[in-house]
Amino acid sequence: MSEVAKREVRLHGHRVVYRVGGDLESDRPVLLLVHGMAGSSATWRDVLPKLALRFTVVAPDLPGHGESDKPLQDYSLGALANSLRDLMVALGIERATVIGQSLGGGVAMQFAYQYPRHCERLVLVSSGGLGGEVSWMLRALTLPGAEYLMPVLFPSFVRDAGNAVSRRLGRLGVRWPHIEQEWRAYASLADPANRPSFVRTLRSVVEPGGQSVSAHDRLYLASMLPTLIIWGQRDRIIPVAHAHAAHEALPGSRLVVFESSGHFPHTEEPESFVEVLTDFIDTSEALELDEPGWRALLTAGPPSSS
């Protein structure tokens, strides 16, 4: 496996931490991996070293997440897409295949919409922004005053006890990847410093009734962009029906459903994930933006549903 390094850069005065595998100076294709809500670049640890054998891979901790700074600022999809663009500029990356999981899928779609010249391909993994349904827990945490209950819901002593159990199971070689990922999100919210940015991020995309942001009215713009949709059949956070609806709305897209996975197919079936992703990149042509074609597509609008 290729070595993965953790690095940091300052953008607009704020620290952004990222993991990188491969050589940023090489001419290999670049993969930009974008994690989900209350997550971090650590979510990609099972696939990043393997992908770095073939590609240059960059996985940031989004602003407000992981080890990156958490200023009180805008955490909308547009703002997070801007942060990806700024990171690419800082690292000297012109174009990349953008791969987003959960919230990161919404950020990836927003990035492709705002900066199509910088996006070669789009990969959506259990992505938000493709339908209204989302887990009841996330909806509940958007209710007014929910942030004041977080010290009770996410006490540090529970985090510490859970981490101790996790370490002991790890030493015994026992792993439940989906529980591991959900626990990491829970544990991150036991830290009071993480809660304000989490609440701002969550409320920018979810409300008590469900997801409040949808990409469906702009999916037609991705018809020029090679797109892969990966989902877990057992996803309890965002239903797999969203994957099928997005695939139908995106002629030419590819859909792969992992039958044994939930919301985190990249950790639950990492070998299959790497295989599917590598095949997609090997068998698709990176987008070379056709300005007249893009303009014609945008002005024509979405195809009629009648």
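Is Glu288 buried or exposed in this predicted model? With a relative accessible area of 63%, Glu288 is exposed, because exposure is assigned to residues over 50%. The charged partner of this residue lies in another setting: Arg95 has a relative accessible area of 18% and is buried, since the limit for burial is under 20%.

The side chains of Glu288 and Arg95 form a salt bridge, with a nitrogen-to-oxygen distance of 3.6 Å. This contact joins distant parts of the chain, as the two residues are 193 residues apart. Glu288 is found in the loop between α11 (270-282) and α12 (291-300), whereas Arg95 belongs to the loop between α2 (77-91) and β5 (96-101). The pair also takes part in a wider arrangement, for Arg95, Glu120, Arg121 and Glu288 are linked in a network of salt bridges.

Across the whole structure, 11 salt bridges were found by the search. One of them connects Arg254 with Asp279 at 3.9 Å, N to O. This pair, too, links distant parts of the chain: Arg254 lies in strand β10 (residues 254-258) and Asp279 in helix α11, with their positions 25 residues apart in the numbering. Both partners fall in the intermediate class of accessibility. Arg254 is partly exposed at 29% relative accessibility, and Asp279 is likewise partly exposed, at 42%.

A further salt bridge is formed by the side chains of Asp86 and Arg85, where the N to O distance is 2.6 Å. Here the partners are assigned to separate classes. Asp86 counts as buried at 15% relative accessibility, while Arg85, at 25%, counts as partly exposed. The reason lies in the cut-off, because a residue must be under 20% to be called buried.

Attention now turns from charged pairs to the nonpolar interior. In soluble globular proteins, nonpolar side chains tend to be buried together. In the present model, the largest nonpolar core contains 61 residues. Within this core, the residues with the most contacts are Leu32, Val58, Phe111 and Phe198. Helix α2 provides the largest share of the core, namely seven residues. A second core, separate from the one just described, consists of 22 residues. Among its members are Val47, Leu51, Ala59 and Leu277.

How values were computed: Residues numbered from 1 in each chain as written. Predicted model: local features only at pLDDT ≥ 70, side-chain atom pairs only at ≥ 80, totals over all residues. Heavy atoms only, no water. Salt bridge = Lys/Arg side-chain N within 4 Å of Asp/Glu carboxyl O. Buried < 20%, exposed > 50% of the residue type's maximum accessible area, 1.4 Å probe, protein only. Helix = DSSP H or I, 4+ residues; strand = E, 2+ residues; numbered from the N terminus. Core = buried A, V, L, I, M, F, W, Y, C linked by side-chain atoms within 4.5 Å.
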